Amino acid sequence: MRFYVLLASLFTGLIFFGFIGCKQPETNALQTPLEKSNYGSLTSNADLIAFLLQCDSLQPDIKTAFYDLDDGTTMPLVFVTKEDKTIQKLNVLILAQQHGNEPSGMEGLLMLIRDFSEGKHAHLAKKLNLLILPQCNPSGAERHSRRTAEDIDLNRDHLLCRAAETRLIQRIYSQYKSEMTIDFHEYYPFGSAWADFGFRRNFDIQLGGLTNINVHPELRSLFKEAALPFVKEKVEKENFSFFEYTLGDFPNDKRLRHSTVDINDGRQSFGIAGSFSVIVEGMNGRDSLDNISRRAQSQYVTALALLEFAYLKADDIHKATTLARNELIEKQEMVSIRMDHFRGNAPLRYPLLNLRTNTDTVFLVEEYHSEVVSLLDVRPPEAYLIPKRDTMLSEWLKRSGIDYQEFMPNNLKVFVYRINAVNPGFDEEFANLYPDVEKVLVKNFSADDYFYLPTGGIFKHKIVTALEPQALYGLASYPEFEYLLMEDTFPVFRVEK
Ligand SMILES: [Zn+2]
């Protein structure tokens, strides 16, 4: 320090400050592209790649892989791992920016990856292998749009897997069988219905757990009883506001509930395969840069809190996921294929920002539909038979990354659903189809014409939900697959014991 002071007496102030600026460790620390722009521009896809390569070069525990997409953008995957064969670590898959106009999760994760590159939070790698996809939708990010350049909403595509981006996410998930997943989003509280109402949600962070009723109860209670209070405390300590992820058309006096139970989103699709999965919803800005410093910081703090939780509770998460997956593989329990949210025992105390006084008002919400109840269960078959000539189905099977066989075991007892009528249904606040079906024995079929898809693995719930004609969130609920219900019989067969 004395050295610099001496120099200062010899040179002008300008040179002095310039010199100090280069030598001080604080200002020399690696900045994310957003920080470097002084929060004036979001990190572009090209800046993101360059920044990650820099982090990779600084730290042997960081490795990056890059996947080039057809539109010319690149999807990066960052591994933060420390080789240690003596301990079984948790694989934690972290996704951000599946929705291109929700950039704060990506910006927060870059701050975290920067920390790792500087050797901070090094204890986490003793128990966790991190797989980070900071920008799942680069083409949407470049245009600040929710959907990809191909007009696909990635977080509604985890069953159909039409987008290359979703197929990649699912492939990475299947390869590492991640015990925990974290999916970063942003919610938009500035809609006109709320403005007219005069109040709005003002939580920096909302955190959501698994709600699909097929998810193992241990995984659901691990969220409610352990993760939620832990993260709440950590986030609030850093002066960010926090609430459990809750949504609904409250201004129009409709029910509030937790978010969708549909398995086409990342969180539930991993959860029904036995992962401990959460979704983080930061507060979006009025535009892409509005309040971006606070938005990125709140996501960074939440990511760290969740990883600290995973580190401290690694054994509990491992136990719960092992239990869930063993039951998926071994037990032939009923699978719920239709479910809905219903009113729970207690009303919700819901703090909203009064837009006139700029203070919080707590509402007592009676129509708080916190409970998910099954409306229809089916017993899973041993396997499904998928007709090869049905190109829509066989292409879906190939895209989805689920293991199936070309050959067929002998002496199968095979059933088909006869479709007696297709009735309109209305569940989870949307119109849907609810066919009336009857199971009948198939006496003759040519085994060569079918793929054999066994159900006894971690993807059992996904397969059963996809392929049962009455499933609320099955393939037949998508317009391109509605034809499955339009014949006299459902084209997919069930193999039973
Ligand atoms: Zn989103």
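**Close-up views of a two-domain predicted model**

E244 and K224 form a salt bridge, with the closest N and O atoms 3.0 Å apart. A salt bridge here is a side-chain nitrogen of Lys or Arg within 4 Å of a carboxyl oxygen of Asp or Glu. The model is predicted: local features need pLDDT of at least 70, side-chain atom pairs count only at pLDDT 80 or more, and totals for chains, interfaces and linings use all residues. Residues are numbered from 1 along each chain as its sequence is written, and side-chain values use heavy atoms, with hydrogens and water left out.

**View 1. The E244–K224 salt bridge links distant parts of the chain.** E244 sits in strand 8 (residues 242–244). K224 sits in helix 10 (residues 217–237). The two are 20 residues apart. By the salt-bridge rule, the count comes to 26. Helices (H or I, at least four residues) and strands (E, at least two) are DSSP runs, numbered from the N terminus.

**View 2. Domain 1 and domain 2 meet at an interface.** The domain assignment gives domain 1 as 31–341 and domain 2 as 380–496. Such bounds come from an automatic or database assignment. The contact takes 35 residues from domain 1 and 31 residues from domain 2. Contact means heavy atoms within 4.5 Å. The C-alpha centres of the two domains lie 31 Å apart. About 3,100 Å² is buried between them, and carbon and sulfur atoms give 56% of that area. Buried area is the accessible area (1.4 Å probe) that two parts lose on being put together, summed over both.

**View 3. One salt bridge spans domain 1 and domain 2.** E480 forms a salt bridge with R162; their closest N and O atoms are 3.2 Å apart. Across the interface, 12 residue pairs are in polar contact, both residues at pLDDT 80 or more. A polar contact is a pair of N or O atoms within 3.5 Å; within protein, one must be able to donate a hydrogen and the other to accept it, and residues adjacent in sequence count only if both atoms are side-chain atoms.

On the side of domain 1 that touches domain 2, the elements giving two or more residues are helix 8 (164–176), helix 13 (314–330) and strand 12 (335–342). Strand 12 gives the most, with six residues.

**View 4. Strands 9, 10 and 15 form an open sheet.** The order is 9-10-15, and the pairing is mixed. Strand 9 (247–248) and strand 15 (368–369) stand at the edges with a single partner strand each, so one side of each has no neighbour in the sheet. Strand 9 pairs with strand 10 (residues 256–257) in the antiparallel sense, over two bridges. Two strands pair if DSSP finds at least two bridges between them. G248 stands opposite L256 in strand 10.

**View 5. Strand 13 and strand 14 form a hairpin.** Strand 13 (residues 348–354) and strand 14 (residues 360–365) run antiparallel, joined by six bridges. L353 stands opposite D360 in strand 14. Five residues lie between the strands. In the turn, N358 has a positive phi of about 60 degrees.

**View 6. H121 and D151 have positive phi.** Most residues other than glycine have a negative phi. Phi of H121 is near 50 degrees. H121 lies in the loop between helix 6 (104–117) and strand 4 (128–133). D151 has a positive phi of about 65 degrees, although it is not a glycine. D151 lies in the loop between helix 7 (138–142) and helix 8.
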